[in-house]
Amino acid sequence: MDRFARLVSRLLHAPVAFVSLVEEDRQILPGLVGLGEPWAESRALPLSHSLCRYVVASGRPLVVPDARADERLRTHPAITDLGVIAYAGMPLTDAEGLVVGSLCAIDHEPRAWEPGELSDLEDLAAACSAELRLRVLSAKSRSAQQVLETARAAAEQARSDAQRLEQQAQAGMDHAELLLRASEELAQTSGLEDVRRRVRDLFVGVGKPSYVGLLVADKDELHRVADPDIENAVERGVLTLSVDAAFPSTRAMRERRAVFVPDREAMVADYGTEAVRFFDRMGLTTVLCLPLWGSRALLGVLAICWAKRHEVGVTERATLTAASGYVAQAVERALYLDERISVARELQAAMLTDLPLTDHVEISALYQAAADDHMIGGDWYDAYHLPRAAAASDGETASLMITVGDITGHDMHAATIMGQVRSMLRQATLDHAPYSPATALTALDAACSVLPMETSGTLVHARLDPVDGNHDWTLTWSNAGHPPPLLRTPDGNVAQLLEHDVLLHGSLGPFDRTEHRRALLPGSTLLLYTDGLVERRGRDMDAAVSQLVALLARHGNRPLDEVLRRISNRLAHPTPEDDVVLLAVRTPSIPQPQRC
């Protein structure tokens, strides 16, 4: 933050500049330059001496050529106690766009702030806001505050090598701009591909590298993150390197230091033929490999390469080293998120039910995950046979329970709540013979109102019972605010089962659920689904449901696996924003008599 204050002071030729965050009872100054004591030591000002609070209150810039001539400020204590005559402050915002403070320049003499100066101040405020958001995002991504502090310390150590840039004024502006862009561009990255894409575009203009490679460490190997947008057969041909391979990048990994190869002669002299062949095919001559330090380990290597011989001076190397600190933070965050997403996906997949084997009804399910790996959902399906009555014969068909549900949220928490709800609903069903769907849901409501689970979502819980043999069946269901199931009769007509109660929510307390019953003709098809199939931004949901009805009517006599595939292919987006679950059950048809 001090660095941002110094950049403001230097670019605007202002004797005083600071980064301020306005709290309820004071203004704290995480970055400052030129402010006298005792304020500089305490890094805080009382709100009575704050002009930045006007920026926060209005959410807009405040530009004052002479506070003494300003009707609102002419008696302000900051004029007499701090010498504030001219003031220019730009808003600093958090991730939600709320104004939390100001990046400001102060002069002890009246001055007319030039448009170019205000534009520079606005750009620096945007970069400073990005840095503040990065700090908040990093704090949320770490499992412990100590890990965050270690990561920040490692990045600050890398950036400290670039402090001399501030002494070179105009000559160092390109490098300062790189660091500002790095803090902004890399603050919002998610997965490794996103990091790779932004790294590719980040270094344009600073020595104009021809290629920037990102390699991530995994045990005794380095894995190259291929550019997701540019097909490069040479790059993709060497995606994995043993840490013992004779490459500049692996040497940087082994020796834990920056490695510089000035030209092809040095490459031939110091590295293996495979490395020489790779860089020749890529058309590269000069290589700088920088280790990427995480909070607990070395994460990988950033390879910055030039097609023509390039002299990397002290200032440029310091800048690139500092920028690699931002890259390391983004890589560590991406690896952390990827690992968390992988665990959540595995957990979610493990909790999806294997469909029961049955000789009487046909049953099929389809689960399609959201395209965005961060959108871990709470969608699920369940199906299981109920116990036969004690007096039942061995040949009697068992009843079948089926459920489709959607727990609110798209994260690990939603997936774990989904698993608990599914298990609790199974237990509630099996503990309340004769296995009423409404009774089970009422028991689930009662449990959720007592347990600290933050349960919220929708579901359909249904029972299919055979009647007088294996061809006639009865459907009994209870709907907790879920999209209505569809029932297709053998003649192709499709009806929506619209009866429903309120959604499942822990704060609603115990609720007496209702259930409904309908006879199923032989060969009837029941379809349950989650809202990800029909609900999408920019599409009318009623129109999507009508299309779903038409698809089931037209193709519902096909094998169920094919029916679900056709519905998913026509209705689900190729890159769905939400998880999608489909579950279909078909009662057996009456065998047709054979003709003699």
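# Close-up views of a predicted model

**View 1. F279 counts as buried, at 7% relative accessibility.** The model shown here and in the views below is predicted. F278 is also buried, at 6% relative accessibility. Together with F247, F278 and F279 form one aromatic cluster. The structure holds 2 aromatic pairs. In the pair of F278 and F279, the ring centres are 5.3 Å apart and the planes meet at 85 degrees, so the pair is edge-to-face.

**View 2. Two arginines sit over the ring of Y54.** R53 lies over the face of Y54, at 4.8 Å from the ring centre. The charged end of R72 is placed over the ring of Y54 as well, 4.8 Å from its centre.

**View 3. C52 has a cysteine neighbour but is in no disulfide.** A search of the whole structure finds 0 disulfides. For C52, the nearest cysteine sulfur is that of C104, at 4.0 Å. A disulfide needs the two sulfur atoms within 2.5 Å, so the pair does not count as one. C52 is buried, with a relative accessible area of 1%. Another cysteine, C128, is buried at 0% relative accessible area.

**View 4. R264 and D280 join two helices through a salt bridge.** The closest N to O distance between the two side chains is 2.8 Å. R264 belongs to helix α11 (residues 264-270) and D280 to helix α12 (residues 273-282), so the pair ties together parts that are 16 residues apart in sequence. R264 is partly exposed, with a relative accessible area of 42%. D280 is partly exposed too, at 37% relative accessibility.

**View 5. D107 and R111 form a salt bridge between buried residues.** Their closest N and O atoms are 3.2 Å apart. D107 has a relative accessible area of 13%, which is under 20%, so D107 is buried. R111, at 16% relative accessibility, also counts as buried.

**View 6. R566 pairs with E562 inside helix α17.** The salt bridge has its closest N and O atoms 3.0 Å apart. Both residues lie in α17 (residues 560-571). They are 4 residues apart, about one turn of the helix. In an α-helix, residues three or four places apart point the same way, because there are 3.6 residues a turn. R566 is partly exposed, at 31% relative accessible area.

**View 7. Salt bridges link D194, R197, R198 and D229 in a network.** Across the structure there are 22 salt bridges.

**View 8. V502, L503 and L508 form a nonpolar patch on the surface.** Together they offer about 230 Å² of accessible area. V502 is in the loop between β19 (494-496) and β20 (504-505). At 38% relative accessibility, V502 counts as partly exposed.

**View 9. Helix α1 is followed by H13, a residue with positive phi.** The helix covers residues 2-12. Its buried residues include R3, F4, A5, L7, V8, S9 and L12. Phi of H13 is near 55 degrees.

**View 10. R256, just after helix α10, takes a positive phi.** The value is about 55 degrees. Helix α10 spans residues 248-255. P248, S249, T250, A252 and M253 are buried in this helix.

**View 11. R43 and K219 are loop residues with positive phi.** Most residues other than glycine have a negative phi. Phi of R43 is near 50 degrees. R43 lies in the loop between α2 and β3 (44-46), and R43 is partly exposed, with a relative accessible area of 30%. Phi of K219 is near 60 degrees. The loop that holds K219 runs between β7 (211-218) and β8 (221-224). K219 counts as exposed, at 80% relative accessibility.

**View 12. Cis peptide bonds precede P38 and P434.** Most peptide bonds are trans. The bond from E37 to P38 is cis, with omega near 5 degrees. P38 is in the loop between β2 (26-33) and α2 (39-42). A433 and P434 are also joined by a cis bond, with omega about 5 degrees. P434 lies in the loop between α14 (412-430) and α15 (437-450).

Notes:
Residues are numbered from 1 along each chain as its sequence is written. This is a predicted model: local features need pLDDT of at least 70, side-chain atom pairs count only at pLDDT 80 or more; totals for chains, interfaces and linings use all residues. Side-chain values use heavy atoms; hydrogens and water are left out. Buried means under 20% relative accessible area, exposed over 50%, partly exposed in between (1.4 Å probe, protein chains only). Patches are made of residues with over 30% relative accessible area and no salt bridge: like charges are joined within 9 Å, nonpolar side chains (Val, Leu, Ile, Met, Phe, Trp, Tyr) within 5 Å. Accessible areas come from the Shrake-Rupley method with a 1.4 Å probe; for residues, only the protein chains shown count as cover. A salt bridge is a side-chain nitrogen of Lys or Arg within 4 Å of a carboxyl oxygen of Asp or Glu. Rings of Phe, Tyr and Trp (its six-membered ring) pair if their centres lie within 6.5 Å; planes under 30 degrees apart count as stacked, over 60 as edge-to-face and the rest as tilted. A charge sits over a ring if NZ of Lys or CZ of Arg is within 6 Å of the ring centre and within 35 degrees of the ring normal.
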